[in-house]
Amino acid sequence: MKEKVAQALEDIRPALQADGGDVELVEVTADGLVKVRLTGACGGCPMSQMTLKQGIEQRLKKAVPQVKNVEAVD
């Protein structure tokens, strides 16, 4: 599952980079929790939670149905 999540993040990454941010995969647990680190402009953006839940999480769930939740870590 980690490889599928990593590939899906590669598909999302250009949109984040266009706004000066990026996403780094930290961990994928067996129960479907994906931990990511938002970097660059995304790291301090007030809209980062919306980006995480409405953007990254939704796209990951669509690409990898085993994903249950996505959370940001520092």
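Here is a quick look at how two helices meet and at the largest pocket in this predicted model.

Let's start with the helix pair. Helix H1 covers residues 2-18 and helix H3 covers residues 48-63; their axes come within 9 Å and cross at roughly 140 degrees. Angles over 145 degrees would count as roughly antiparallel, and H1 and H3 are therefore oblique to each other. The crossing of H1 past H3 is right-handed. On the H1 side, the contact is made by Val5, Ala8, Leu9, Asp11, Ile12 and Leu16, while H3 brings in Thr51, Ile56, Arg59, Leu60 and Ala63. Sorted by character, that contact has eight nonpolar residues, one polar and two charged.

Now for the pocket. The largest one has a volume of about 180 Å³. Which elements give two or more residues to its lining? They are H1, H3 and helix H2, which spans 41-44. H3 supplies the largest share, with four residues. The lining is made up of Ile12, Ala15, Leu16, Asp19, Ala41, Cys42, Cys45, Thr51, Gly55, Ile56 and Arg59.

Some names turn up in both places: Ile12, Leu16, Thr51, Ile56 and Arg59 belong to the helix contact and also line the largest pocket.

Here is the residue make-up of the two sites:

| Site | Nonpolar | Polar | Charged |
|---|---|---|---|
| Contact of H1 with H3 | eight residues | one residue | two residues |
| Lining of the largest pocket | seven residues | two residues | two residues |

Methods: Residues are numbered from 1 along each chain as its sequence is written. This is a predicted model: local features need pLDDT of at least 70, side-chain atom pairs count only at pLDDT 80 or more; totals for chains, interfaces and linings use all residues. Side-chain values use heavy atoms; hydrogens and water are left out. Axes are lines fitted to C-alpha atoms, for helices over the stretch in contact, and angles run from 0 to 180 degrees between N-to-C directions. Angles under 35 degrees count as roughly parallel, over 145 as roughly antiparallel, 65 to 115 as roughly perpendicular and the rest as oblique. A crossing is left-handed if the near helix is turned anticlockwise from the far one by less than a right angle, and right-handed if clockwise. Contact means heavy atoms within 4.5 Å. Ala, Val, Leu, Ile, Met, Phe, Trp, Tyr, Cys and Pro count as nonpolar, Asp, Glu, Lys and Arg as charged, and the others, Gly among them, as polar. On a 1 Å grid over the protein atoms alone, a cavity is a set of points where a 1.4 Å probe fits but cannot get out, and a pocket is an open set with protein on both sides within 12 Å along at least five of seven lines; lining residues have an atom within 4 Å of a point. Grid points are joined across faces, edges and corners, and a volume is the space filled by probe spheres set on the points.
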